[in-house]
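I opened this entry to keep track of what I looked up in one structure. The notes follow the order in which I checked things.

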Amino acid sequence: MMTGADLCASTKPWHYQRETVQVIFEEFYSQGDEERDQGITPIAMMDRTKADQLPESQVGFIVGICLPCYELLAQIIPASKPMVDGALSNLSKWQELADANKKIKEKATMESNKNNRKVDKNGNLKL
């Protein structure tokens, strides 16, 4: 139950979920900035230059951590089922954003190939 309480932002209405994730990731990015200043390459989740990966990260987090926790909790305490529903609703929103990012990257890659330009690993055109 403590883990479920710790993860509860993933079950809140979308505007709270998104705001909470932004605050958390700003902390992660600050840590990544500190690591970079010390000559350490931060992990992707803490690398602000990879902020475009945040939606995919949240999809993985909700699918791999949050939903298993809330689904188990709902089996034990059926009244907690709205938490599963909230996590599924937010998963849908994050997936939409992840899909949109993927399309943007694919389009940039196609344009790059069309114009014989190079694209970096994030799908951004290199000049």
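Which residue just after α2 takes a positive phi? I looked at the end of the helix and found Gly39, with a phi of about 85°. I note here that the model is a predicted one.

**Overall layout**

I then stepped back to the whole chain. I counted 4 helices and 0 strands, and along the sequence the pattern reads α-α-α-α. The chain has 127 residues, and 31% of them are buried. For contacts with a separation of 6 or more, I found that 57% join residues 24 or more positions apart. The accessible surface is about 8400 Å², and carbon and sulfur atoms hold 58% of that.

**Helix α2**

I checked the span of α2 next. This helix has 24 residues, and the distance from its first C-alpha to its last is 34 Å. At 1.5 Å a residue I would expect 34 Å, and the computed span is close to that.

Which residues of α2 are buried? I listed Gln17, Val21, Phe25, Tyr29, Gly32 and Glu35. I then looked for what they face, and these buried residues pack against α3 and α4.

**Aromatic rings**

I searched for ring pairs and got 3 in the structure. One of them is Phe25 with Phe28, edge-to-face, at 5.1 Å centre to centre with 70° between the planes. Both rings belong to helix α2, where they sit 3 residues apart, about one turn of the helix.

Are Phe25 and Phe28 buried or partly exposed? Phe25 has a relative accessible area of 5%, so I log it as buried. Phe28 comes out at 22%, and it is therefore partly exposed, the cut-off for buried being under 20%.

Phe25 also pairs with Tyr29, again edge-to-face, at 5.8 Å centre to centre and 65° between the planes. These two lie 4 residues apart in α2, about one turn of the helix, and both are buried. I grouped Phe25, Phe28 and Tyr29 as one aromatic cluster.

**Nonpolar core**

I moved on to the largest nonpolar core, which has 18 residues. Which members touch the most other members? They are Leu54, Ile62, Leu67, Tyr70 and Trp94. Two or more residues of this core come from each of α2 (14-37), α3 (54-76) and α4 (81-114). The largest share is that of α3, with 9 residues.

I followed Leu54 further. Setting aside residues up to four places away in sequence, Leu54 touches Val21, Phe25, Tyr29 and Trp94. Three names there were already on my list of buried α2 residues: Val21, Phe25 and Tyr29.

**Ile65**

The last residue I looked up was Ile65, which is in helix α3. Its relative accessible area is 44%, so I put it down as partly exposed. Which residues does Ile65 contact once neighbours within four places in sequence are left aside? I found Leu7 and Gly60. Leu7 is 58 residues away from Ile65 along the chain, and their C-alpha atoms are separated by 8.8 Å.

How values were computed:
Residues numbered from 1 in each chain as written. Predicted model: local features only at pLDDT ≥ 70, side-chain atom pairs only at ≥ 80, totals over all residues. Heavy atoms only, no water. Core = buried A, V, L, I, M, F, W, Y, C linked by side-chain atoms within 4.5 Å. Buried < 20%, exposed > 50% of the residue type's maximum accessible area, 1.4 Å probe, protein only. Contact = heavy atoms within 4.5 Å. Expected span 1.5 Å × (residues − 1). Phe/Tyr/Trp six-rings, centres within 6.5 Å; stacked < 30°, edge-to-face > 60°. Areas by Shrake-Rupley, 256 points an atom, 1.4 Å probe, with all protein chains shown as cover.
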